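This report looks at how two helices meet, at one residue in their contact, and at the nonpolar core.

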Amino acid sequence: MLTATGAVSAGAMFGTPFGGRAEAAAVSPAKARIVIAGAGAAGLSLASRLRRQMPQATLTLIDEKTEHHFQPGFTLIGAGLWQPGDVTFRNADFVPRGVEWITEPVAGFDPEANTVVTGSGRRIGYDFLMVATGLKLDYASIEGMETGLIGREGIASIYAGPEAAAASWRVIDAFVDSGGTGLFSRPLTEMKCAGAPLKITFIVDDLARRRNRRDAVDLIYNAHNPTVFAVPPVNERVEYLFAGRGIVVNHDRVLSAIDPAARRASYDTPEGTVTMDYDFIHVVPPMRAPDAVRDSPLPWQDGPLAADGWVEADRATLRHPRYANVFALGDVAGVPRGKTAASVKLQVPVVAENLVAETMGREPLAAFDGYTSCPLITRYGRAMLIEFDYEDNLVPSFPFIDPLEELWVSWLIEEKGLKGAYRAMLRGRA
């Protein structure tokens with residue numbers, strides 16, 4: 001929701017999971033041409049909201065994907081609790097009536113000419129552009145790794161999609177039964193759901209304990225920098241839990257290569273390359289903006305978010321500083337936080353409210369505070385409900401939930417509450 005001053009209220013996220021029903025919002029009579037590049041969580045949610053708040057506008061959605069995946073559920077597939085069908089929807093069910101959907105990939109952006117180029121070469125003009133393309137999983141940048149290996153040679157990776165998450169569960173299941181050394185890590189790049197690598201580590205540990213196989217497995221988490229999580233109190237808590245459960249942590253190790261036949265992984269460290277043998281490894285690929293975005297004028301030109309092509313955006317308004325009629329939402333947005341569905345839930349109304357205000361001649365006042373939520377699974381049936389903002393402040397929505405405690409209610413939100421609320425969000429009802 002928006003506060004009286006126009007700022008985002010972080011507590012809006014989980015009044016019920018993903019918030020309650022949308023509040024009454026201003027309606028603009030503007031007949032603007034609005035192009036939304038990407039039909040993921042951000043693109044579909046924004047299309048639904050703008051259809052209501054700008055009924056006279058021409059809305060065009062561009063994305064070749066016909067399937068939609070509830071990505072927060074990939075972890076639960078990897079835990080053996082859900083199936084791929086539990087997280088797979090039809091995109092057509094969420095495209096609002098009156099929105100033109102061009103089922104082609106986005107091939108390029110020309111913000112100087114206010115056009116988007118599709119895969120067939122069509123040039124679609126716009127008055128306002130919403131970039132919500134998601135990101136690219138760059139498995140190929142890890143030497144020796146490709147997605148066809150997931151589910152083989154002890155290799156798991158829940159990020160590559162529902163079927164890959166299911167294949168990862170089979171590898172996890174076999175590893176716990178056979179024993180050996182398991183390796184976990186995350187990339188050096190920005191990434192979606194940065195808690196997922198930790199969740200998988202906790203899940204494997206707990207599964208081994210439940211089967212009385214914990215003594216048969218050695219679990220090692222190779223952190224990409226001096227911490228395992230960016231928010232200090234969460235980092236301290238996770239490192240404490242890892243230590244208590246015998247999970248070894250190595251810092252400043254970034255996966256650079258894998259030898260599937262030899263079951264050997266190489267990590268870049270400040271001291272040089274370190275090679276480790278494994279029986280099981282969970283691979284999280286580097287993540288970058290899609291090529292069409294990276295090859296356009298839209299990304300940051302310098303600074304820490306430039307190398308991977310994230311769209312330049314003001315972190316509060318999500319507006320592009322150099323192209324005032326361009327906004328970025330979701331995973332592709334070049335802001336310090338926000339690569340979660342929970343963040344999208346609060347980014348979308350900020351962009352919509354500011355666009356409506358501008359087209360009605362009012363000052364845009366809505367601002368995104370970096371709200372990010374991570375129901376961090378720590379064992380089957382328990383999770384920590386981590387919510388934080390740009391400043392690394394913990395911003396719990398429920399006063400009765402301690403964000404750093406392993407609670408059943410936090411697990412319930414993750415396993416039972418989020419999917420239905422997520423679908424409502426796509427339809428602009430939350």
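## Two helices that cross

Helix H1 passes helix H7 in a right-handed crossing, meaning that the near helix is turned clockwise from the far one by less than a right angle. The axes of H1 (residues 41–53) and H7 (residues 341–359) come within 9 Å and cross at roughly 35°; axes are lines fitted to C-alpha atoms over the stretch in contact, with angles from 0 to 180 degrees between N-to-C directions. Helices here are DSSP runs of H or I with at least four residues, numbered from the N terminus.

Among the residues that make the contact (heavy atoms within 4.5 Å) are Leu46, Leu50 and Gln53 of H1 and Val348, Ala352 and Val356 of H7.

This is a predicted model, in which local features need pLDDT of at least 70 and side-chain atom pairs count only at pLDDT 80 or more, while totals for chains, interfaces and linings use all residues. Residues are numbered from 1 along each chain as its sequence is written, and side-chain values use heavy atoms, with hydrogens and water left out.

## Gln53

Gln53, placed in helix H1, counts as buried because its relative accessibility is 4%, where buried means under 20% relative accessible area with a 1.4 Å probe, protein chains only. A polar atom of the Gln53 side chain lies 3.0 Å from the backbone oxygen of Ala26.

## The core

The largest nonpolar core (buried Ala, Val, Leu, Ile, Met, Phe, Trp, Tyr and Cys residues joined through side-chain atoms within 4.5 Å) has 143 residues, and H7 gives the most to this core, with 10 residues.

Terms used: Helix = DSSP H or I, 4+ residues; strand = E, 2+ residues; numbered from the N terminus. Buried < 20%, exposed > 50% of the residue type's maximum accessible area, 1.4 Å probe, protein only. Polar contact = N/O pair within 3.5 Å; in protein donor to acceptor, adjacent residues only side chain to side chain.
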